[in-house]
Each structure stands twice: as structure tokens, then as C-alpha cells.
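Could you walk me through this model, one selection at a time? I have the viewer open and would like to know what to pick next and what to look for at each stop.

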Amino acid sequence: NGRLQFQDLLDVKESICAAQGVSNNSIGKIEMKLIYSFLGGNKRGYIDYSDVELFLNGLLPNTIGEPDGL
């Protein structure tokens, strides 16, 4: 449906770390929390996949949240 939960981001981060042969540490988890919060996840309870694509390609996402709940 084009919506991602916080756990979806963590799962992707874990798979990337596993492929690189490293473990996901607290810094990686904070990174995911910041991305989720920035893309409005804390307020809406989800983020849009399209916003993740835009953000990771250096473009301004459609939804920008507030850095709360970290």
C-alpha cells in the first residue's frame, strides 16, 4: 500500500548490515528513528515509501515531520 512502519525500516537496516557482515548498533537505530521522525512517522504512525525514495536520493520528501518522540 506504499506505507512503511518503523519496523520495516529496521528490517531493511538489519538486512543491509547482515549483507555487509556487520551488526546494527545503537547509532544505526538512531539513524532509522531520525529518518522515520523526519518523514512524519511519529505523528502519522507510518511513512510513505515514495518519501523514503525521495529522501534517500537527496530530494525533498512530500511529508516532513517534527523531530519528536526520539
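Here is a tour in short stops, each with something to select and something to look at. Please keep in mind along the way that this is a predicted model.

**Stop 1: the start of the chain**

Begin by selecting N1, which sits in the segment before β1 (3-4). Is N1 buried or exposed? With a relative accessible area of 88%, N1 is exposed, because exposed means over 50%. Show its side chain as sticks and follow it to the backbone nitrogen of R3, which the side chain of N1 reaches at 2.9 Å. Now add Y49 to the selection. N1 and Y49 are 48 residues apart along the chain, yet their C-alpha atoms are separated by 8.9 Å.

**Stop 2: the nonpolar core**

Next, select L4, L9, L10, M32, I35, Y36, L39, I47 and V52 together. These nine residues make up the largest nonpolar core. Which helix gives the most to this core? That is α2, with three residues. Both α1 and α2 supply at least two residues each. As background, nonpolar side chains tend to be buried together in soluble globular proteins.

Keep L4 highlighted and hide the rest for a moment. Setting aside neighbours within four places in sequence, L4 is in contact with Y36, Y46, I47, Y49 and V52. Three of the core residues, Y36, I47 and V52, can be switched back on here to view these contacts with L4.

**Stop 3: K13 and its bridge between helices**

Move to K13, in helix α1. K13 counts as buried, because its relative accessibility of 17% is under the 20% cut-off. Which residue forms a salt bridge with K13? The partner is E31, and the closest N and O atoms are 2.8 Å apart. This pair links distant parts of the chain, from K13 in helix α1 (residues 6-20) to E31 in helix α2, 18 residues apart.

Expand the selection around K13 to bring in its other company. Neighbours within four places in sequence aside, K13 is in contact with N24, G28, E31 and M32. One of these, M32, also belongs to the nonpolar core of the previous stop.

**Stop 4: E31 from the other side**

Centre the view on E31, which is found in helix α2. E31 counts as partly exposed, at 36% relative accessibility, whereas its partner K13 counts as buried. For a distance to check in the viewer, pick the C-alpha atoms of E31 and L10: they are separated by 9.8 Å, with their positions 21 residues apart along the chain.

**Stop 5: along helix α2**

Stay in helix α2 and select G28. G28 is buried, with a relative accessible area of 5%. Add C17 and draw the C-alpha to C-alpha distance: 9.4 Å, for two residues 11 apart in sequence.

Now colour I27, I30 and L34. What do these residues form on the surface? They form a nonpolar patch, with about 290 Å² of accessible area together. L34 lies in helix α2 as well, and L34 is partly exposed, with a relative accessible area of 43%.

Select S37 to finish this helix, as S37 lies in helix α2 (residues 26-38). S37 is buried, with a relative accessible area of 2%. Which residue does the side chain of S37 meet in a polar contact? Look for the side chain of N42, at 3.3 Å.

**Stop 6: the other salt bridge**

How many salt bridges does the structure hold? There are two. You have already visited K13 and E31, so select R44 and D48 for the last view, because the side chains of R44 and D48 also meet in a salt bridge, with a nitrogen within the 4 Å limit of an oxygen. Their N to O distance is 3.3 Å. R44 is partly exposed, with a relative accessible area of 29%.

**Before you close the viewer**

For a final picture, show both salt bridges, K13 with E31 and R44 with D48, over the nine residues of the largest nonpolar core. Then add the surface patch of I27, I30 and L34.

Definitions and conventions
Residues numbered from 1 in each chain as written. Predicted model: local features only at pLDDT ≥ 70, side-chain atom pairs only at ≥ 80, totals over all residues. Heavy atoms only, no water. Helix = DSSP H or I, 4+ residues; strand = E, 2+ residues; numbered from the N terminus. Buried < 20%, exposed > 50% of the residue type's maximum accessible area, 1.4 Å probe, protein only. Polar contact = N/O pair within 3.5 Å; in protein donor to acceptor, adjacent residues only side chain to side chain. Patch = residues over 30% accessible without salt bridge, like charges linked within 9 Å, V, L, I, M, F, W, Y side chains within 5 Å. Areas by Shrake-Rupley, 256 points an atom, 1.4 Å probe, with all protein chains shown as cover. Contact = heavy atoms within 4.5 Å. Core = buried A, V, L, I, M, F, W, Y, C linked by side-chain atoms within 4.5 Å.
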